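The following questions and answers concern the protein chain shown here. Each answer closes on the value or name requested.

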Amino acid sequence: MNVGAAAAAFWAERSGRERAVLLAGAGLVLAAALFALLWEPGLAARKSLAETLPRLRAQLEDMRLQREEIIALRKVLDAGSRRGDLGNLLRASAARSPVGKSVEHIDPLPNGGVLVRTASVSFDAWLDWVENLQRELGVRLEVCRVAALEQSGLVRVEARFAPRGATAGRGAQ
């Protein structure tokens, strides 16, 4: 006997009242299963989302404000780099930094870039100065040749800088 025939025989042996009790029990089991497997997890997820959604919305608003601030700062930065000649900006920046004493030449290039040559300069001071130029002035380092000197930590540098938005040049000058 197969399972379907056994279930049909079992059902046929039951009276109408037993069938009603079995159907009611099966309905309760089905309802409990639906609640436990679908409804309850949905309510828990809804509660979790209700708790995190305001925080996420606040973060989104903060990001939008930061985006607006970045756009405004970029406009100021672009206006600042247009106001001054790149060579003059680099000279002023070098004069305020430890690199200033080591700068031999700051020469303008035809493409709007600038060639900087230094005598012996601390490698760390050079890196700090270049980072500062990139962060504050939006200047891009296109090409850089660094030669180590005999004294530890000192280097001789020849570098080509370009203003923000300038197209990259080819090769070294």
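Q: How many helices and strands are there in the protein chain?
A: The model is a predicted one. Along the sequence, its elements follow the pattern α-α-α-β-β-β-α-β-β. The count for the protein chain is therefore four helices and five strands.

Q: Over how many bridges do strand 4 and strand 5 pair?
A: Strand 4 covers residues 140–148, and a hairpin with five residues in between joins strand 4 to strand 5. Within this pair, valine 146 stands opposite valine 157 of strand 5. The two strands pair in the antiparallel sense, and the number of bridges is eight.

Q: Which residue in the turn between strand 4 and strand 5 has a positive phi?
A: Strand 4 and strand 5 form a hairpin. In its turn, a phi of about 90° is found at glycine 153.

Q: How many residues apart in sequence are the parts that arginine 117 and glutamate 158 tie together?
A: Arginine 117 and glutamate 158 form a salt bridge, with their closest N and O atoms 3.7 Å apart. Arginine 117 belongs to strand 2 (residues 114–118) and glutamate 158 to strand 5 (residues 154–162), so the pair ties together parts whose separation in sequence is 41 residues.

Q: Is glutamate 158 buried, partly exposed or exposed?
A: Buried requires under 20% relative accessible area, and exposed requires over 50%. Glutamate 158 has a relative accessibility of 22%. Because this value falls between the two cut-offs, glutamate 158 counts as partly exposed.

Q: Which residues are linked in a network of salt bridges?
A: The structure holds nine salt bridges. One of them joins arginine 117 to glutamate 158. The residues linked in a network are Asp107, Arg117, Arg145 and Glu158.

Q: Why are glutamate 131 and arginine 135 separated by about one helical turn?
A: The side chains of glutamate 131 and arginine 135 meet in a salt bridge at 3.5 Å, N to O. Both residues lie in helix 4 (residues 123–137). They are about one helical turn apart because their spacing in that helix is four residues.

Q: Which residue counts as exposed, glutamate 131 or arginine 135?
A: A residue is exposed when its relative accessible area is over 50%. Glutamate 131, at 45%, is partly exposed. The value of 52% passes the cut-off, so the exposed residue is arginine 135.

Q: With which residue does glutamate 142 form a salt bridge?
A: The closest N and O atoms of this pair are 3.0 Å apart. The partner of glutamate 142 is arginine 140.

Methods. Residues numbered from 1 in each chain as written. Predicted model: local features only at pLDDT ≥ 70, side-chain atom pairs only at ≥ 80, totals over all residues. Heavy atoms only, no water. Salt bridge = Lys/Arg side-chain N within 4 Å of Asp/Glu carboxyl O. Buried < 20%, exposed > 50% of the residue type's maximum accessible area, 1.4 Å probe, protein only. Pairing = 2+ DSSP bridges.
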